[in-house]
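Trainee: I would like to go through this structure and learn what the words used for it rest on. Could we take them one at a time?

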Amino acid sequence: RPKVEEYGDSVFVVLHVIEIIDNEMVVGEVDIFAGPNYVLSVRNRAEKGFTDVRARCEREPEFLKRGAGYVLYALMDAVVDRYFPILDNLEQTLETIEARIFSGGSARENVESLYKLKQQLMTLRHAAAPLLDAVGKLYGGRVPPVCNGMQDYFRDVYDHLVRLNQSIESLREMVTTAISVNLSLITLTESETTKRLAAYAALVAVPTMIAGIYGMNFEHMPELKWLWGYPLAVGAMLIVDVWLFYRFKKSGWL
């Protein structure tokens, strides 16, 4: 779990590194030990290193003079900043799924994609949310000695985390809404199908009823020996079906 712990003059920081590899989210870990005159980082299950952080520190010698606290800040800032492209990627994925929902894509695939997206957001939240309290220890109140004079920098990291967590929560709510909309569209489609089936059943039921009445083999039946009985019965079937079809079409059932 991401955390910041103080041991005497040293600080131990655990950060989660998240990368997208082959459309899959891979979670790594970075452990940082920072003391008065040293910084040691141990990277596990993460492909991208921190050579850019070292280059940044070397380009800013006036800040590097502040010691290990600045290097610790630069490492934490780099890890937090890498969360934002991941979040942007998840937002684009949600937009793609939403477009697929309203374009008539497979409902099952949409639900599966949305649920996978929700799991990825939860993974990102587990990496970012615990850091709010952890980073708060580095700029508010009594800060570790190695971080003295760096409070404003760690406050900047905290502000980034606040914005990140708010975006994650908003995106999670949007995913939940998208799942509800997808299920509502499934119900609506089933309702439309049921209405169509009921309309076609009515179109078949009227001729069946008329044919059933005149198909009964009773000896004494009115109109049974009429010369125009058969055309009249067929015509009645057609007229009633045409009228029903018109009414169903007008009401949107067909």
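Trainee: Before the details, what share of the 254 residues in the chain is buried?

Mentor: Buried residues make up 36% of the 254. Keep in mind that this is a predicted model.

Trainee: What makes a residue such as Val157 buried?

Mentor: Buried means under 20% relative accessible area. Val157 has a relative accessible area of 0%, so Val157 is called buried.

Trainee: Where is Val157 found, and which residues does Val157 touch, leaving out those up to four places away in sequence?

Mentor: Val157 is found in helix α6. With residues up to four places away in sequence not counted, Val157 touches Tyr73, Asp77, Val80 and Val135. A touch here is a contact, that is, heavy atoms within 4.5 Å.

Trainee: How far apart are Val157 and Leu132 in sequence and in space?

Mentor: They are 25 residues apart in sequence, and their C-alpha atoms are 9.1 Å apart.

Trainee: How do you know what the radius of gyration says about the chain?

Mentor: Set the value against the rule. A compact globule of 254 residues would have a radius of gyration near 18 Å, but the chain has 34 Å. The C-alpha trace spans about 115 × 35 × 25 Å along its principal axes.

Trainee: What elements does the chain hold, and in which pattern?

Mentor: There are seven helices and four strands. Read along the sequence, the pattern is β-β-β-β-α-α-α-α-α-α-α.

Trainee: Why is a set of residues called a nonpolar core?

Mentor: The name applies because its members are buried residues of listed kinds, Leu, Tyr and Phe among them, joined through side-chain atoms within 4.5 Å. The largest such core has 57 residues, and Leu72, Tyr83 and Phe154 have the most contacts inside it. Elements that each supply at least two residues of this core include β2 (10-21), β3 (24-35) and α6 (151-214). Apart from this core lies another, of eight residues, among them Val206, Met237, Leu244 and Phe248.

Trainee: Which residues does Tyr83 touch, not counting those up to four places away in sequence?

Mentor: Tyr83 touches His16, Ile18, Leu124, Ala127, Ala128, Leu131 and Leu164.

Trainee: How many positive and negative side chains does the chain have?

Mentor: The chain has 27 positive and 32 negative side chains. The centres of the two sets lie 2 Å apart.

Trainee: What does the chain expose, and what part of that comes from carbon and sulfur atoms?

Mentor: About 15,300 Å² is exposed, and carbon and sulfur atoms supply 58% of it.

Conventions: Residues numbered from 1 in each chain as written. Predicted model: local features only at pLDDT ≥ 70, side-chain atom pairs only at ≥ 80, totals over all residues. Heavy atoms only, no water. Rg over C-alpha atoms; globule rule 2.2 N^0.38 Å. Buried < 20%, exposed > 50% of the residue type's maximum accessible area, 1.4 Å probe, protein only. Areas by Shrake-Rupley, 256 points an atom, 1.4 Å probe, with all protein chains shown as cover. Lys, Arg positive; Asp, Glu negative; His and termini not counted. Charge placed at Lys NZ, Arg CZ, Asp CG, Glu CD.
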